[in-house]
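Hello,

Here is the structure I promised to pass along. Have a look at it first, and then read on for what turned up.

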Amino acid sequence: MEFLRRLTEPAAAKAARERTRALVEAAMATAALVASADGPAGLAQRLLLDQILDSVESLRGNDPHVAVEIFNGFARAISESAEVGRARASTAISEFAGAPDTPRLLLHIANAMATAQGGTSANATAEIARVSKALGLPEEETPILEPDAEAGPCTVIVLGNEKGGTGKSTTALHLAVCLMARGHKVGTIDLDGHQGTLSRYIANRVKLVERGGQALPVPQHRRIVPSNLRDRVAAHADERAELQSAFKLLRGCRFVLVDTPGSHTHLSRLGLEFADTLITPLNDSFLDIDVLARIDHGRREIVEPSAYGRMVLDENDRRRAAGGEALDWIVMRNRLAHIDARNTREMDRLLRQLGDRMGFRLRPGLSERVVFRELFYKGLTLFDPPAGGDDTGTGAARALAGHCRARREVEDLTAALGQDSVEAGQAPV
Ligand SMILES: Nc1ncnc2c1ncn2[C@@H]1O[C@H](COP(=O)(O)OP(=O)(O)OP(=O)(O)O)[C@@H](O)[C@H]1O
Ligand SMILES: [Mg+2]
């Protein structure tokens, strides 16, 4: 008997594994069908997908990356040929026709996907009906949930590169305050929570407000630290869930600025995955270009993309393969010194060449100004009233003029985001 048990046990485990794989396929097919109903899946649907993978008991034990790959596969097939792709998805779903609980779960996933962007479109309703049909359910058993009226459009702007000290955190808070000054509701996420520069910057600002010094706008902020789970897959899933719940808490925000670590970590890669716009600040020196590409410094020529540049290119390939668009990538030169005109021109030439090859837009960023360090400790930005404004001497006037120029640089960067809605916020209160 023992030999029989040993024979049947692996077979039973294999059958269970296959059943789980089939369930993941059916769930991802359902999600992809509805998410692709009106074109390629958007950020809201991708966020929801993470939430589903994290919260649905029968899916939770699986590697979320594998599940997302399966979702991407179905979405890609649908974007290549709607008829063939949808038929493939229906076949995966029909595996569970007549099963006890799974059809209900799949219909809930379909409904949640349909309402992820704030309303159920006619196309999404048709896809829910397709899921229902594949499951062999009568039409009247298709539950349509109420649309979620609260969710609005949200643009995620990620500050990222893999070099320390290039101005990611400084720029993140300046952009956040600039957008708030235009009346937008803004959230910030510190994915570099271990170092916590942006979190400390905002904490300094909160202290200033609490001391009653000034009524300053403060973004809704979340800090995320690396997971302390030992298993790599579990740690990655944990970090993904943390980020996903941060976005959920910031759901009403029109813009979310995400600061990332200046090194290669899972959290910096994750930030990229959720970005609509990526801003990469570079210090204004030739050596700093190597964060994007390897350069032959003797001949001043581009050799090949470096690790960070490759990661962004891979992310864009993944998006295009899933039928989506590449992220809007802006590279900005920070700490501009204007002292070495030849060097500046050379760097400009090389970066423009690199931009054409790698798909980024080049923008001048912020000039070198010692005031940034002081602003950090005070929790202030260039958009807050400068201290000592009642002094009318020439020194103060010159300082004020410099302050206005610096402010304009951040405003120019904000304008480069190219969002129609950047200008469309309500007047600040
Ligand atoms: N335009 C600028 N002029 C002068 N100093 C600047 C400028 N931009 C940033 N700094 C200063 O450079 C230092 C690093 O900036 P910041 O912390 O924003 O960089 P970071 O890219 O977020 O760094 P890390 O990778 O370590 O997180 C800070 O002391 C900041 O005040
Ligand atoms: Mg930082």
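At what angle do helix α2 and helix α10 pack, and how far apart are their axes? Before the answer, please keep in mind that this is a predicted model. Helix α2 covers residues 43-55 and helix α10 covers residues 232-249; the two pack at about 125 degrees, and their axes are 10 Å apart. An angle over 115 degrees but not over 145 falls in the oblique range, and therefore α2 and α10 are oblique to each other. Their crossing is left-handed. On the α2 side, the contact is made by Leu47, Asp50, Gln51 and Asp54, and on the α10 side by Arg240, Ala241, Gln244 and Phe247. Sorted by class, the residues of this contact are three nonpolar, two polar and three charged.

Two residues from these helices are worth a look of their own.

Asp54 lies in helix α2. Is Asp54 buried or partly exposed? Asp54 has 17 C-beta neighbours inside 10 Å, so it counts as partly exposed; a residue would need 20 or more to be called buried. Leaving out residues up to four places away in sequence, Asp54 touches Arg60, Ala241 and Gln244. Ala241 and Gln244 also belong to the α10 side of the helix contact described above. Asp54 and Pro64 are ten residues apart in sequence, and their C-alpha atoms are 8.0 Å apart in space.

Glu239, in turn, is placed in helix α10. Glu239 has 21 other C-beta atoms within 10 Å, so this residue is buried. Not counting neighbours within four places in sequence, Glu239 is in contact with Pro226, Ser227, His266, Leu267 and Leu270. For Glu239 and Leu270, the C-alpha atoms are separated by 8.5 Å, while the two residues are 31 apart along the chain.

Now for the ligand.

Which residues come nearest to ligand 1? There are 19 residues around ligand 1, and the nearest of them are Gly167, Lys168, Ser169, Thr170 and Gly262. Two elements give two or more residues to this shell, namely α8 (168-181) and α14 (371-378). By class, the shell around ligand 1 holds three nonpolar, ten polar and six charged residues.

Helix α8 also packs against another helix. α8 and helix α9 (residues 197-210) meet at an angle of about 45 degrees, and their axes are 9 Å apart. That angle makes α8 oblique to α9, and the crossing of the two is right-handed. Ser169, Ala172 and Leu173 of α8 make the contact with Thr197, Leu198, Tyr201 and Ile202 of α9. This contact has five nonpolar residues, two polar and no charged. Ser169 therefore turns up in two places if you follow it through the model: it is among the residues that come nearest to ligand 1, and it is part of the contact of α8 with α9.

One more helix pair is on my list. The axes of helix α5 (residues 82-94) and helix α7 (residues 122-134) come within 8 Å and cross at roughly 45 degrees. α5 and α7 are therefore oblique to each other, and α5 passes α7 in a right-handed crossing. Here Arg86, Ser90, Ile93 and Ser94 of α5 meet Arg130, Val131 and Ala134 of α7. The classes in this contact are three nonpolar, two polar and two charged residues.

There is also a backbone detail to check when you have the model open. Arg335 has a positive phi, near 60 degrees, and is a residue other than glycine. Arg335 lies in the loop between β8 (328-334) and α13 (341-358). With 20 other C-beta atoms within 10 Å, Arg335 counts as buried.

Finally, the overall picture. The protein chain has 15 helices and nine strands. The chain has 429 residues, and 40% of them count as buried. Among contacts in the chain with a separation of 6 or more, 76% are between residues 24 or more positions apart.

Happy browsing, and best wishes!

Technical notes
Residues numbered from 1 in each chain as written. Chains lettered and ligands numbered in written order. Predicted model: local features only at pLDDT ≥ 70, side-chain atom pairs only at ≥ 80, totals over all residues. Axes fitted to C-alpha atoms, helices over the stretch in contact; angles between N-to-C directions. Helix = DSSP H or I, 4+ residues; strand = E, 2+ residues; numbered from the N terminus. Parallel < 35°, antiparallel > 145°, perpendicular 65-115°, else oblique. Left-handed = near helix turned anticlockwise from the far one by under 90°. Contact = placed C-beta atoms within 7 Å. Nonpolar A, V, L, I, M, F, W, Y, C, P; charged D, E, K, R; others polar. Near = placed C-beta within 6 Å. Buried ≥ 20, exposed ≤ 12 C-beta atoms within 10 Å, placed from the backbone.
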